[in-house]
Structures are given as structure tokens and as C-alpha cells.
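This report describes the fold of a single protein chain and then turns to its principal pocket. Please keep the sequence and the coordinates at hand while reading.

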Amino acid sequence: MAFFDFLHIFTDLFNAAEKAWKKLEPSVQNALLDGSGIINVISQNLEATPEELFDLIQKKFPEVSKEKLTEGLHKVSDGFKLTQDIETPGLLTTIKNLQTYFSGLHGKFWESATSIAAQVLSTLFSPDDTPFGKISTLIEFVYRKKIKK
């Protein structure tokens, strides 16, 4: 397969993802933007204190309540088995655990972990009847075209 054929495949995939994005309900779009965006804020601010990160998240995502954020990040943290020894960690401890976890990863492992975290958080933020396939299929598109832009 020629290099340009390979590039064409990616262009087609992103065009299809953009069409699918436009057909999503606003609540699912918001869930994807919030979930992906919050994980991006955490993973791009590994040296910040958990308090600074929480303030930054609140400023960038004012519609996400502290309770919703806490619940979502606990699920992400539980999925990575970061809280096995702590019965119910607080939000700031959970943020710190995620920062520590992400800071120990590099390259493809970091990309995979942050993508999985964004998918989990987006799924929790989306309406209950949203198929996981929508979230997992569009998470890369959302990150590259909506968050990272």
C-alpha cells in the first residue's frame, strides 16, 4: 500500500467521523467534549497541584458539577486500579492519583491510557441510552479536531 493510499484512509475516516459528529445529539457532543477535555487538562498539567487543576477544570467546564466530576474521575481511577487501598478517596486525591499515573506513561501507553480515561468519562457524562460505540468511535476525532485544535 502506498503512503498516499494510507493517508487517504485516514482522511476518509476523519471525514466519516465529522459527519457522524454532526448527527450526534448535543448532549452526547457535550459529554464527549467534557470527558475528553477534562482528561486533557489533567494530562497536560501534571506538575500542577490538584487544587490548581480543579480550579482550571471548573473554569473550563463550568457546567460539570463537582459531584459529577468526582463520580466520573473515581470511575476512571477505579478502572486503572489506582484506589485499591483507599476506601473513598476525595476528588483532590483522585486527581493527584491520575496525575501520578499519567506522568509515569510515555508514547503509545500514554495515548492509550488518556484515550481510555476520556472514553470512560465521556460515557459517564452521556445520556444512559448512548451506545458506547459512539463514544469510542468518535473520541479520537473529538480530541484531535475539537480539544487539541
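## Fold and largest pocket

Read from the N terminus onward, the elements of the protein chain follow the order α-α-α-α-α-α-α. The model is a predicted one, and in it the protein chain contains seven helices and zero strands.

Of the 149 residues in the protein chain, 40% are buried, while the accessible surface of the chain amounts to about 9,000 Å², with 55% of that area belonging to carbon and sulfur atoms. When contacts between residues at least 6 apart in sequence are considered, 63% of them join residues at least 24 apart.

Turning to the pocket, the largest one holds about 310 Å³ of space. Its lining is made up of 16 residues, and those that lie nearest the centre of the largest pocket are E111, T114, S115, E140 and Y143. The elements that contribute two or more residues to this lining are α2 (26-44), α6 (107-125) and α7 (132-147), and among the contributors to the lining of the largest pocket α6 gives the most, with seven residues.

The chemical character of the lining of the largest pocket is set out by residue class below.

| Class of lining residue | Number in the largest pocket |
|---|---|
| nonpolar | five residues |
| polar | six residues |
| charged | five residues |

Taken together, the lining of the largest pocket includes nonpolar, polar and charged residues, and α6 supplies seven residues to it, whereas E111, T114, S115, E140 and Y143 are the lining residues that lie nearest the centre.

Notes:
Residues are numbered from 1 along each chain as its sequence is written. This is a predicted model: local features need pLDDT of at least 70, side-chain atom pairs count only at pLDDT 80 or more; totals for chains, interfaces and linings use all residues. Side-chain values use heavy atoms; hydrogens and water are left out. On a 1 Å grid over the protein atoms alone, a cavity is a set of points where a 1.4 Å probe fits but cannot get out, and a pocket is an open set with protein on both sides within 12 Å along at least five of seven lines; lining residues have an atom within 4 Å of a point. Grid points are joined across faces, edges and corners, and a volume is the space filled by probe spheres set on the points. Helices (H or I, at least four residues) and strands (E, at least two) are DSSP runs, numbered from the N terminus. Ala, Val, Leu, Ile, Met, Phe, Trp, Tyr, Cys and Pro count as nonpolar, Asp, Glu, Lys and Arg as charged, and the others, Gly among them, as polar. Buried means under 20% relative accessible area, exposed over 50%, partly exposed in between (1.4 Å probe, protein chains only). Contact means heavy atoms within 4.5 Å. Accessible areas come from the Shrake-Rupley method with a 1.4 Å probe; for residues, only the protein chains shown count as cover.
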